[in-house]
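Thanks for making the time this morning. I would like to walk through one model with you, so please have the sequence and the coordinates open as I go.

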Amino acid sequence: MTVTHSKRPLVVSFLQQPLKGKVNVPGDKSISHRALMLSALANGETKITGLLEGEDVMQTAQVMRALGAIIHQKAPGEWHVIGKGVGYLNEPDDVLNMGNSGTSARLLSGILSTHNIFSVMTGDCSLRKRPMRRVIEPLSQTGAQFITRNEGRLPMAIKGVEKANPVTYRLPVASAQVKSAILLAGLNANGMTIVEEPIATRDHTENMLNHFGVKVDISTLAEKGRKICLQGPTKLVAKDVNVPGDPSSAAFVMVAGLIISGSEILIENVGLNPLRTGIIEALKMMGANLQISNKRQEGGEITGDIIVKNTTLKGVDLPVSIVPSMIDEFPILSVAAAYAKGESRFRGLAELRVKESDRFNSIINMLRKNGVSVESHGDDMIIEGTFGNILGGGEVETHMDHRLAMSASILGLVAKKTITIDDIRFIRTSFPGYFELMNSLGCGFQI
Ligand SMILES: O=C(O)C1=C[C@@H](OP(=O)(O)O)[C@@H](O)[C@H](O)C1
Ligand SMILES: C=C(OP(=O)(O)O)C(=O)O
């Protein structure tokens with residue numbers, strides 16, 4: 001499944017027409033990973049509808065199969081999983097390949113640490129650069145052993161333990177992946193697992209554990225943030241899951257619709273978990289005409305439809321507190337800021353440096369190469385809005401990063417000179433059918 005063949009560039013030209021129409025973006029990536037992992041750990045059969053069939057999630061499916069779960073696609077987006085039960089995963093025969101997916105690697109580390117099996121995981125050369133110490137450190141409290149080749153990076157061998165200790169840990173950085181790894185380890189640990197997060201991060205793991213019948217206690221910390229407790233060992237009961245559309249994917253459609261003159265788009269069935277909607281908040285602070293309708297609750301997650309209308313955006317000064325709720329949306333928000341009137345300031349973006357690429361620097365390079373002034377002060381980024389006058393003409397290096405590639409494609413639609421994207425292959429890790437969907441709205445990408 002890992003992408004091995006050569007780079008696939010794309011040239012994008014200024015778009016002369018508005019975007020119009022109605023779309024459904026693919027399933028939420030975070031929820032899809034968790035649906036496969038938890039159903040594989042459950043007793044019984046789970047039907048998952050709306051599953052994201054992107055490469056990252058397919059990588060998780062492959063790994064859960066290697067650990068003994070039976071996983072079948074019955075129809076597009078409809079998957080059936082027969083679980084093994086907590087504590088009963090098989091020892092894999094071969095190395096587990098997590099591809100480009102940090103979520104797979106971090107969350108699986110948690111699950112594997114409290115199963116009495118030996119495993120080795122690796123990933124592509126982007127994932128092999130990403131830090132794993134952030135999970136190794138807390139998960140070592142279980143008694144599991146971790147050996148890495150390269151200073152806490154993949155490949156990594158894990159010797160899990162049968163009688164695992166529960167972890168008590170306060171997260172030093174806001175990370176839903178680290179929190180989830182600890183909670184998933186707790187499912188098969190003896191006693192109370194306790195995670196404190198100084199600032200609330202996406203709670204899909206907590207929501208889905210509840211959905212599968214596990215009691216998760218969540219309390220608010222006095223200073224802010226949350227404390228999450230889970231008593232192990234525990235069992236999960238299979239229960240069907242319906243995955244909503246991914247707000248992180250919808251963000252590309254939103255920004256395109258907002259900045260391309262005369263556009264009006266309806267995006268149906270988007271996940272609106274309040275710990276994921278920082279991008280909507282940020283765009284509204286910029287003056288965006290975004291309306292939410294048909295809000296409803298499904299399987300512990302809120303969903304709704306978003307109506308996007310072209311608007312003149314203005315610069316924004318975003319507080320650090322918004323960062324975890326839109327951590328993956330800064331590449332596309334930077335495009336909106338570059339197009340807007342006035343200066344934008346994004347604060348506290350250190351975590352962007354350890355994503356699929358060093359997104360902090362990838363964003364700066366993307367914009368500078370296309371005539372946009374950007375400055376950085378420590379972990380803050382200051383973008384000088386062009387008020388609709390993006391020069392373009394540059395080549396964007398995406399460094400195996402899907403979100404950079406999609407952001408650059410939207411930048412190209414509003415830039416005066418053509419923009420070349422060095423490699424669009426990784427878009428399929430999170431947004432299969434991206435170009436088809438955008439072309440159905442009128443983007444005219446020549447792929
Ligand atoms: O838990 C998750 O599903 C994710 C958490 C975030 O990572 P961090 O936990 O590293 O912030 C996010 O960037 C990633 O795309 C998905
Ligand atoms: C950071 C991302 O994913 P992951 O950490 O799972 O690779 C992302 O999708 O933007």
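Let me begin with a term: a nonpolar core here is a set of buried Ala, Val, Leu, Ile, Met, Phe, Trp, Tyr and Cys residues joined through C-beta atoms within 7 Å. A residue counts as buried if 20 or more other C-beta atoms lie within 10 Å of its own, as exposed if 12 or fewer do, and as partly exposed in between, with the C-beta atoms placed from the backbone. What you are looking at is a predicted model, in which local features need pLDDT of at least 70 and side-chain atom pairs count only at pLDDT 80 or more, while totals for chains, interfaces and linings use all residues. Residues are numbered from 1 along each chain as its sequence is written, and chains are lettered from A and ligands numbered from 1 in the order in which they are written.

With that in place, which residues touch the most other members of the largest nonpolar core? They are Val 255 and Ala 336, in a core of 74 residues, and the element that gives the most to this core is helix 7 (residues 247-259), with nine residues. Helices (H or I, at least four residues) and strands (E, at least two) are DSSP runs, numbered from the N terminus. Not counting residues up to four places away in sequence, Val 255 touches Ile 332, Val 335, Ala 336 and Ile 410, where contact is taken as C-beta atoms, placed from the backbone, within 7 Å. Another core, of 60 residues, lies apart from the largest one and includes Leu 108, Ala 164, Ala 181 and Phe 212. In soluble globular proteins, nonpolar side chains tend to be buried together.

Ala 336 also belongs to helix 9 (residues 330-339), where ten of the ten residues are buried; among them are Phe 330, Ser 334 and Tyr 339.

Now the domains. The assignment, which is automatic or from a database, splits the protein chain into domain 1 (10-27 + 244-440) and domain 2 (29-242). Their C-alpha centres lie 28 Å apart, and 26 residues of domain 1 are in contact with 30 residues of domain 2. On the domain 1 side of that contact there are nine nonpolar, ten polar and seven charged residues, with Ala, Val, Leu, Ile, Met, Phe, Trp, Tyr, Cys and Pro counted as nonpolar, Asp, Glu, Lys and Arg as charged, and the others, Gly among them, as polar.

Where does ligand 1 lie with respect to the two domains? Both domain 1 and domain 2 give residues to the shell around ligand 1, so this ligand lies between them. The residues around ligand 1, each with its C-beta atom, placed from the backbone, within 6 Å of the molecule, include Ser 30, Arg 202, Asp 328 and Glu 351. Helix 5 (residues 176-186) gives the most to this shell, with three residues, and by class the shell has two nonpolar, five polar and three charged residues.

Ligand 2 has around it, among others, Lys 29, Asp 56, Lys 355, Glu 356 and Arg 403. Its shell has no nonpolar, four polar and six charged residues, and draws at least three residues from each of domain 1 and domain 2. Thr 103 and Asp 328 are listed around ligand 1, and Thr 103 and Asp 328 are listed around ligand 2 as well.

Let me finish with the strands, which are said to pair if DSSP finds at least two bridges between them. Strand 5 (residues 78-82) pairs in the antiparallel sense with strand 3 (residues 45-49) over four bridges, and with strand 4 (residues 70-75), also antiparallel, over five bridges. Along strand 5, Trp 79 and Val 81 point to one face and are buried, whereas Glu 78, His 80 and Ile 82 point to the other and are not. Strand 4 and strand 5 form a hairpin with two residues between them, and Gly 77 in the turn has a positive phi of about 80 degrees.

Elsewhere, an open sheet of four strands has the order 18-19-21-20, with mixed pairing. Strand 18 (317-318) and strand 20 (374-377) stand at its edges, each with a single partner strand, so one side of each is left without a neighbour in the sheet. Four bridges join strand 20 to strand 21 (residues 380-384), and the two run antiparallel, with Glu 375 opposite Ile 382 and His 377 opposite Asp 380.

How values were computed:
Contact = placed C-beta atoms within 7 Å.
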